Amino acid sequence: MAAKLPKAFISSSYSQPPSTKNYPCKIKLLTTGSSIQSKNQSQDHHRRISIISSCFEIGAASTNSRSQNKRPLTTTDLTDSSKEGAGIRVAYQGVSGAYSESAAEKAYPNCETVPCEQFDITFLAVENWIADRAVLPIENSLGGSIHRNYDLLLRHRLHIVGEVQLSVKHCLLANHGVKIEDLTRILSHPQALAQCEHNLTRLRVVREAVDDTAGAAQFVALHKLKDTGAVASIGAARIYDLNVLAQDIQDDSDNITRFLMLAREPIIPRTDRPFKTSIVFSLDEGPGMLYKALAVFSMRDINLTKIESRPQRKRPLLQPAGNGYGLKHFDYLFYCDFEASMAEHNAQNALKHLKEFATFLRVLGSYPMDINREFD
Ligand SMILES: O=C(O)C(=O)C[C@]1(C(=O)O)C=C[C@@H](O)C=C1
């Protein structure tokens, strides 16, 4: 009997054996109680079991003959090394040719990429053992933070195990024979449209936001549109056989997107290379509270690289406000990145200190910094 899948799981489009490089369709959410009855389910089940067992096999004491060859577990086994890309399945939002896919391949060079329909599905893919890692764009040097993804980091229980910075070079793509002056509409991901704001304004076209850049290119190609172009990568032009009408159309040639790599388990923080730690916390209302929170880092000479505040999604509380009681609509979560490893005493002390007065504190991950400045 086919086992029932968890509430949210992969779609029936998951119809290829697990070793297939790119999936024919993206993973999407199914409704409650959906189940996959095909033989692919047993393949998948098999693979999931083998992933689980291989995790426990490393260095485990066992009586079977295969265990004779086992070597003890080392710190390296528990580090998210990019060398281990082979065999790793990395979920990303979009279709083949999306920048997130390039980020996945940069972080895990020989990985198998798993396209997903939405960002939250990349989380579900990892949580449900369909993928081993998720790759998530978190900020861009022109467009700023991707707020929704901050919210997802908190809503889910995955750990940040790495970061990668990618140079994003946008192209204007259209079907063969279509000229720039024929275009009345341009499709792309909202971040990509924002990164090309000035150049697109000059074109005087309608901009339409879609789920991802490569999806926009695919749509234009599939429907053989003559009046619509897409902002996407040069890779997407090749994949969907589109003409490149213009290259490097982002408003600044230095257009970098920072992506996070997420996993079910945290990695062991180390001190032999530069690490970054990401946290999220909330504070009580009061003068100087945020100042006090940030001081726990500066007093220990820890470099804070990013702070982002997001509204806490909860019903307005009745709380003291000024000289009476009033509705409180704005309560914030603060997301911070700092340059230190959780294996370092000063980082541990800083968080111990913060915990004394923070109303909530969670470490999202401690992971190697991407210090590779070679972008092309
Ligand atoms: O649409 C894509 O290709 C994506 O990978 C998404 C995304 C983003 O969300 O920021 C990634 C990198 C670029 O900044 C533009 C779009």
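Let me start with arginine 204, which is found in the loop between H6 and E8, where helices (H or I, at least four residues) and strands (E, at least two) are DSSP runs, numbered from the N terminus. Residues are numbered from 1 along each chain as its sequence is written. What you have in front of you is a predicted model, in which local features need pLDDT of at least 70 and side-chain atom pairs count only at pLDDT 80 or more, while totals for chains, interfaces and linings use all residues.

Arginine 204 is not a glycine, and yet its phi is positive, at about 55°. Is this residue buried or exposed? It counts as exposed, because it has 8 C-beta neighbours inside 10 Å; the rule is that a residue is buried if 20 or more other C-beta atoms lie within 10 Å of its own, exposed if 12 or fewer, and partly exposed in between, with C-beta atoms placed from the backbone. Aspartate 241, in the loop between helix H8 (234-239) and strand E10 (243-247), also has a positive phi without being a glycine, in this case near 50°. Aspartate 241 counts as exposed because it has 11 C-beta neighbours inside 10 Å.

Let me now step back to the whole chain. Its secondary structure comes to ten helices and 17 strands, and of its 376 residues, 37% are buried. If we take the contacts with a separation of 6 or more, 72% of them join residues 24 or more positions apart, a contact being two residues whose C-beta atoms, placed from the backbone, lie within 7 Å.

The chain is divided into domain 1 (39-164), domain 2 (171-249) and domain 3 (269-368), with bounds that come from an automatic or database domain assignment. In the contact between domains 1 and 3, 14 residues come from domain 1 and twelve from domain 3. On the side of domain 1 that touches domain 3, helix H4 (147-155) and strand E5 (159-167) each supply at least two residues. That side has five nonpolar, six polar and three charged residues, where Ala, Val, Leu, Ile, Met, Phe, Trp, Tyr, Cys and Pro count as nonpolar, Asp, Glu, Lys and Arg as charged, and the others, Gly among them, as polar.

Where does the ligand lie? Domain 1 and domain 2 both give residues to the shell around the ligand, so it lies between them. Of the 15 residues around the ligand, those that come nearest are Ala98, Ser100, Gln191, Asp212 and Thr213; a residue is near a molecule if its C-beta atom, placed from the backbone, lies within 6 Å of it. H2, E3, H5 and helix H7 (213-222) are the elements that give two or more residues to this shell, and by class the shell has seven nonpolar, seven polar and one charged residues. Helix H2 (residues 99-107) is itself mostly covered, with seven of its nine residues buried, among them Tyr99, Ser100 and Glu101.

Turning to strand pairing, which requires that DSSP finds at least two bridges between two strands, strand E7 (residues 185-188) is a useful example. E7 runs parallel to strand E8 (residues 206-209), joined by four bridges, and also runs parallel to strand E9 (residues 228-232), joined by three. Leucine 187 has a bridge partner on each of these strands, namely glutamate 208 in E8 and alanine 230 in E9.

Next comes the largest nonpolar core, which has 82 residues, with Val90, Ala125 and Leu262 among those that have the most contacts inside it; such a core is a set of buried Ala, Val, Leu, Ile, Met, Phe, Trp, Tyr and Cys residues joined through C-beta atoms within 7 Å. Helix H3 (residues 119-127) gives the most to this core, with six residues. In the loop between H3 and strand E3 (133-140) we find alanine 131, which counts as buried because it has 30 C-beta neighbours inside 10 Å. Beyond its neighbours within four places in sequence, alanine 131 is in contact with residues including Val90, Ala125 and Val126.

I will finish with cysteine 196, in the loop between helix H5 (190-195) and helix H6 (197-203). Cysteine 196 is buried, because 26 other C-beta atoms lie within 10 Å. Leaving aside neighbours within four places in sequence, cysteine 196 is in contact with His170, Val231, Ile249, Gln250 and Asp251. Histidine 170 is 26 residues away along the chain, and the two C-alpha atoms are separated by 8.0 Å.
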